[in-house]
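Trainee: I am new to this structure and would be grateful for a close look at a single part of it. Please take the salt bridges as the subject, and add whatever helps to place them.

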Amino acid sequence: MITFAAKVETFTNSKNIARYAFGRGAVRGLETLLAARRTTADDFVVFFVDAFFRGRLGSLAFPVRPQDLLVFVETALEPTTDLADHMTANVRKHSAKAPCCVVGMGGGITLDVAKAVANLLTNGGKAEDFQGWDLVKKPALYKIGIPTVSGTGAEASRTCVLMNEKKNLKLGMNSEFTLYDQLILDPDLTESVPKEQYFYTGMDTYIHCIESLAGSYRHPVGDAFSHEALRLVSEVFDSNEMMALANREKLMVASYLGGCAIANSYVGVVHPFSAGLSVVLGIHHCLANCLVMNQMQDYYPRETAHFKKMLKAQGITLPSDVCRGLSDGQMERLYQSTVIHERPLTNALGVHYKDTLTLRKVRELFQRI
Ligand SMILES: [Fe+2]
């Protein structure tokens, strides 16, 4: 699909996921997909699996062979560039040969770690070398993504977000090579997600889409993905049984479409503020998004009202006073780690965004959270 942006002198040639399998029990097709990749006896697969599934893989008939490397990814903290480097080194230690496939199964953190390692294994260097836009130069290893919670769109997006603690930065390896080659979308896998996490993560899709639709870097295909994803997310969270099977199916589709939408666009005001909360206070991405979204009446008034309505409909209470009592130094770090996100903020507020997004304004907003 080729597009020409009307007023921007850039040429965008978009790519989405090549293949996806959808349906209840689809995860059982993983064995067949991997058998096609294993061409010699010593070919091995690296699995990155959310630590939640430790001891639970048997019931999924997970096709791990003795030569494979199975890594459980802890998700208490947001993933860092150091973690991605460490995981890559472990794969290299496991075998001098490259794996025939990398599988990521879990939420956004696990899916992103698998993407980062697949890039690093072929490109060399350190994870921080690739944080930014189109810095990955060589195709990644073939990889399969299996989301187990819906909303981040990590399964469909062209980035893998990592915290860089030394640089006070939260940024992804934004590249076509970061995209998964194959997805397995199995709504049975989201059944055991805790209610709050299900809501916060689902809202990531809502937020991606409203930010992208309100921005200035619009894309007709991205807009279409966003509109449909928003329709599905609204149906799920305006209903009174957000985790019913039909709603889990809808949310899984919405998450995928939201990820495709963002591949053609940029986020807006919410994600930079959310990144500040993650970098300075270590708050998880999806909860941080919701904390910010709840205070976005100046930027997205209609959507903020809808967000509050959905919170109420699902009986979700957000933590409060999260930024109370922060020092001036912490506030300054929050400001810096928010305004550093030039592309989304320019998308939302224009190139002179720092004229309105002053330290005082940013501070005021965080103090309401
Ligand atoms: Fe997000």
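**Salt bridges and their setting**

Mentor: Arg360 is exposed, because its relative accessible area is 64%, over the 50% that marks an exposed residue. This is a predicted model, and the values that follow are computed from it. The side chain of Arg360 forms a salt bridge with that of Glu364, at 3.7 Å from N to O. The distance lies inside the limit for such a contact, because a salt bridge is counted within 4 Å. Both residues belong to helix H13, which spans residues 359-368, and they are 4 residues apart, about one turn of the helix. Glu364, in turn, has a relative accessibility of 39% and therefore counts as partly exposed.

This pair is one example from a longer list, for a search of the whole structure finds 18 salt bridges. The general principle is brief: side chains of opposite charge can pair when their charged atoms come close.

Helix H5 offers a second example. Here the side chains of Arg231 and Glu228 meet in a salt bridge, with 2.7 Å between N and O. Why are Arg231 and Glu228 separated by about one helical turn? The reason is that they are 3 residues apart in helix H5, which covers residues 220-238. As for their surroundings, Arg231 is partly exposed, since its relative accessibility is 41%. Glu228 is partly exposed as well, with a relative accessible area of 29%.

A further contact joins Lys250 to Glu235, whose side chains form a salt bridge at 2.7 Å, N to O. This pair links distant parts of the chain, as Lys250 sits in helix H6 (residues 245-263) and Glu235 in helix H5, 15 residues apart. Lys250 counts as partly exposed because its relative accessibility is 27%. Glu235, with a relative accessible area of 30%, is likewise partly exposed. Glu228, Arg231, Glu235 and Lys250 are in fact linked in a network of salt bridges.

For contrast in setting, one may turn to strand S4, residues 45-50. Is this strand enclosed or open, and what shows it? Strand S4 is largely enclosed by the rest of the structure, because 6 of its 6 residues are buried. The cover extends to both faces: Val45, Phe47 and Val49 are buried on one side, and Val46, Phe48 and Asp50 are buried on the other.

The neighbours of S4 can also be named. Strand S6 (residues 101-106) runs parallel to S4 and is joined to it by 5 bridges, with Val46 standing opposite Val102. Strand S5 (residues 69-73) is also parallel to S4, again through 5 bridges, and Val73 in S5 is the bridge partner of Asp50. In general, strands of a sheet pair through backbone hydrogen bonds, either parallel or antiparallel.

Another sheet completes the picture. It is an open sheet of 3 strands in the order S7-S10-S9, with mixed pairing. Its edge strands are S7 (132-133) and S9 (161-164), each of which pairs on one side only. S7 pairs with S10 (residues 169-174) in the parallel sense over 2 bridges, and Gly132 has Met173 in S10 as its bridge partner.

Terms used. Residues are numbered from 1 along each chain as its sequence is written. This is a predicted model: local features need pLDDT of at least 70, side-chain atom pairs count only at pLDDT 80 or more; totals for chains, interfaces and linings use all residues. Side-chain values use heavy atoms; hydrogens and water are left out. Buried means under 20% relative accessible area, exposed over 50%, partly exposed in between (1.4 Å probe, protein chains only). Two strands pair if DSSP finds at least two bridges between them.
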